[in-house]
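Please open the structure in your viewer and follow the stops below in order. Each stop says what to select and what is to be found there.

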Amino acid sequence: MIEKISGNFSIALEAILANKLRSLLTALGIIFGVAAVIAMLGIGAGAQEEILEQIKLVGVNNIIVKPIVEQTEEEVGEVSPASKKPKFSPGLTIKDVESLKNIIPGINSVSPEIIMDKYIIKNGIRRSAKLVGVEDSYFNVANFNLGYGEMFTRDQMEQGDPVCIIGKSIEDKFFSDEEPLGKMIKVGNQWLQIVGVLDRRLITDENINRLGIRDYNMDVYVPINTMLIRYRDRSLITKTMIEAANSQMVLSSNDGEETSDEEFQERRNYHQLDRMVISVSESESLNKVAEVLSRMLERRHFGVIDYEIEIPELLIKQQQRTNQIFNVVLGALAGISLLVGGIGIMNIMLASVMERIKEIGLRLAVGAQKADIIWQFLFEAMLISIAGGLIGVVLGILIAIGISNIAEIPTVITLSSILLSFGVAATVGLIFGIAPARKAANQDPITSLRYE
């Protein structure tokens, strides 16, 4: 039995080698189909990995509240005296944080942030960076790991001590040849003592733009009370100060000096906080908590909607759904390509049967059985498919690498994707080789020998 199978395999291999160009052209459909499957699965796996990294960056089950500087309105026509009365909002403040912690159920923690652009100065080197005022819950919510040193103590948080925790890039830039712990660094107009250094966060420019996050490795973190006491507390800004800032902006515009929108908004910004991150205990509660949060903030801000609420996880899930649809489309195209390749194999093998009728008749006449003929043509179809599959795997890996380098799309090639595509190629050869093999085996030996 084994000798028969090996003999039929040898005959099939000789037939393929005798027609190398035709065999290669026959396998083209399989080659491109397998390459498409490999590239598609690589892109899909890369997208999935990127989504998981994005979830880690923004935190799991988080709701983000950002302030909006209230826009000015101009009344046109006759209006009632009541409608002319401007609405007052205290903006996002520490009191909002305390209320959220005590009232809304299902919340693990609330992390407020105050962010300022400052210059770091040390040993004659000046570098722009972000100064971030936080509470102790911030590092857990944002999934930060402390490289070495220690976190802020309760006394440091409450008293607003001049201490800080720095990102890894700050250490690389200013303390390349010494340990930063206990050293002083000037941030803005204040000297701060370094008590800890965070682990490096790997983050791409694409994620920075897509998720609205910054390069955390260049941040300096201080207790939020330190920020309010030693730097600036925007809740102390009055309406008169805002109007004065507006007047100054108008004068600057009339004098021909250009002022950016960011500078204009910052001068009018009355929000004490720049961001709040609310960590929710369960994913299913995200929408409900966000709805309660919105109503509560609306009441606390006296009906002024000077904030916006974002749920990053839902945005990421929507992106994940888009990627899944994209992968399904790519999979369908790859499947069609494999189907066309299988049909191509069947057509060529049927043509080969017609060309080799005398050979088939001769083999049957000298004692070959129908099973031998079936195995011979099945082996030919499967060998073409397997060879096409191997070439397709290499081509698919090269395509995935090329897409990753040129389009900057992450791709991950896994062993399972290679085995899957290779198995599909072999299966296609087997399925589409059955019909030509049966047709060859059913030939009448006498008729075949007389065939011209």
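A crossing of two helices is called right-handed if the near helix is turned clockwise from the far one by less than a right angle, and left-handed if it is turned anticlockwise. Please keep in mind that the model is predicted.

**First stop: a pair of helices**

Select helix 4, residues 94–103, together with helix 12, residues 286–300. Their axes come within 11 Å and cross at roughly 135 degrees. An angle between 115 and 145 degrees counts as oblique, and helix 4 is therefore oblique to helix 12. Turn the view until one helix lies in front of the other: helix 4 passes helix 12 in a right-handed crossing.

Next, show the side chains where the two helices meet. On helix 4, select Lys-95, Asp-96, Ser-99, Leu-100 and Ile-103. Their partners in the contact, on helix 12, are Leu-293, Met-296, Leu-297 and Arg-300. Coloured by class, this contact shows 5 nonpolar, 1 polar and 3 charged residues.

**Second stop: an enclosed space**

How many cavities of 30 Å³ or more are there? The count comes to 2. Go to the second largest cavity, which holds about 60 Å³ of space. To find its centre, select Arg-22, Ser-23, Ser-352, Glu-380 and Ile-384, the closest to that centre among the 12 lining residues.

Now display the helices around this cavity. Helix 1 (2–18), helix 2 (20–58), helix 13 (312–355) and helix 15 (370–406) each supply at least two residues of the lining. Finally, colour the lining of the second largest cavity by class: 5 residues are nonpolar, 4 are polar and 3 are charged.

How values were computed:
Residues are numbered from 1 along each chain as its sequence is written. This is a predicted model: local features need pLDDT of at least 70, side-chain atom pairs count only at pLDDT 80 or more; totals for chains, interfaces and linings use all residues. Side-chain values use heavy atoms; hydrogens and water are left out. On a 1 Å grid over the protein atoms alone, a cavity is a set of points where a 1.4 Å probe fits but cannot get out, and a pocket is an open set with protein on both sides within 12 Å along at least five of seven lines; lining residues have an atom within 4 Å of a point. Grid points are joined across faces, edges and corners, and a volume is the space filled by probe spheres set on the points. Helices (H or I, at least four residues) and strands (E, at least two) are DSSP runs, numbered from the N terminus. Ala, Val, Leu, Ile, Met, Phe, Trp, Tyr, Cys and Pro count as nonpolar, Asp, Glu, Lys and Arg as charged, and the others, Gly among them, as polar. Axes are lines fitted to C-alpha atoms, for helices over the stretch in contact, and angles run from 0 to 180 degrees between N-to-C directions. Angles under 35 degrees count as roughly parallel, over 145 as roughly antiparallel, 65 to 115 as roughly perpendicular and the rest as oblique. Contact means heavy atoms within 4.5 Å.
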